[in-house]
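Me: Please take a close look at one part of this model for me. I am new to it, and I would like to understand the largest nonpolar core.

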There are 2 protein chains.
Amino acid sequence: MYKANVTITLRASILDPQGKAMQHALHDLGHDSVTQVRAGKHIEMLIDADSSAEAETVATNACEQLLANSVMEDFSIEVLELESASAA
Amino acid sequence: MYKANVTITLRASILDPQGKAMQHALHDLGHDSVTQVRAGKHIEMLIDADSSAEAETVATNACEQLLANSVMEDFSIEVLELESASAA
C-alpha cells in the first residue's frame, strides 16, 4: 500500500482571488510581513499497488484525468510506502 | 524572504465527502486501486522575516488565527528560505 500526497497549485500567471482574500485578512490581523498568499489543494490518496512507480503512475493519471485542471493548475506528487498497511 | 508551505488536512475522525466524491469518480474512470482519498488545502505564503524561526511563527499564528479550523483540521508548515528574493 502506498500513500500519494498530491499538491495542486494555480499557475503563477493565474489570478488567485482566494489567496488575495486570505492575505488581506492576515493584514487586518496585523500580519503585515505576509507579502503573498496563494491557495491550492492537497489531496492524499491510498493506492494499492505493487511498486512505488506503479502508484505514481496511478496518481499521475488521476491528476491528469480528474483532479487537476491542466490549463490553470500544476501538480506535484510524492509517493510514500506504508509499511504497516501492507503488512496488515 | 521566506516561503511557507502550509498543508491543512481534515482530522482522520472527520468525514470527508469531497474526498469520497473524488474516490467514486476515480473508480468510475477505472482507478480501482485507489482505496481512499482525503482532500485538504495547500497554502503558500511569502513572509518577510529575519529568520526561518520568525517566519514559522508568523505562519503558525496565521494558521491558528485564520487559515485552519482547529476543531476539525490539522496543519503542518514547511519553511524555505528564498535566496534570490532576499537579494533582490
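Reply: Here is a close look at that core, after a word on conventions.

This is a predicted model, where local features need pLDDT of at least 70, side-chain atom pairs count only at pLDDT 80 or more, and totals for chains, interfaces and linings use all residues. Residues are numbered from 1 along each chain as its sequence is written, chains are lettered from A and ligands numbered from 1 in the order written, and side-chain values use heavy atoms, without hydrogens and water.

A nonpolar core is a set of buried Ala, Val, Leu, Ile, Met, Phe, Trp, Tyr and Cys residues joined through side-chain atoms within 4.5 Å. Buried means under 20% relative accessible area, with a 1.4 Å probe and protein chains only.

The largest nonpolar core has 22 residues. B:Ile43, B:Met45, B:Ile47 and B:Leu67 touch the most other members. Both chains feed this core: α1 (17-28) and β2 (34-47) of chain A, with β1 (2-10), β2 (34-47), α2 (52-67) and β3 (73-81) of chain B, each supply at least two residues. The largest share, six residues, comes from α2(B). These helices (H or I, at least four residues) and strands (E, at least two) are DSSP runs, numbered from the N terminus.

Now zoom in on B:Ile43. Leaving out residues up to four places away in sequence, B:Ile43 touches A:Met22, A:Val37 and A:Arg38. In chain B, its contacts (heavy atoms within 4.5 Å) are B:Ala4, B:Asn5, B:Val6, B:Ile8 and B:Leu67.

A second, separate core has 21 residues, including A:Tyr2, A:Ala4, A:Val6 and A:Ala62.

Methods: Buried < 20%, exposed > 50% of the residue type's maximum accessible area, 1.4 Å probe, protein only.
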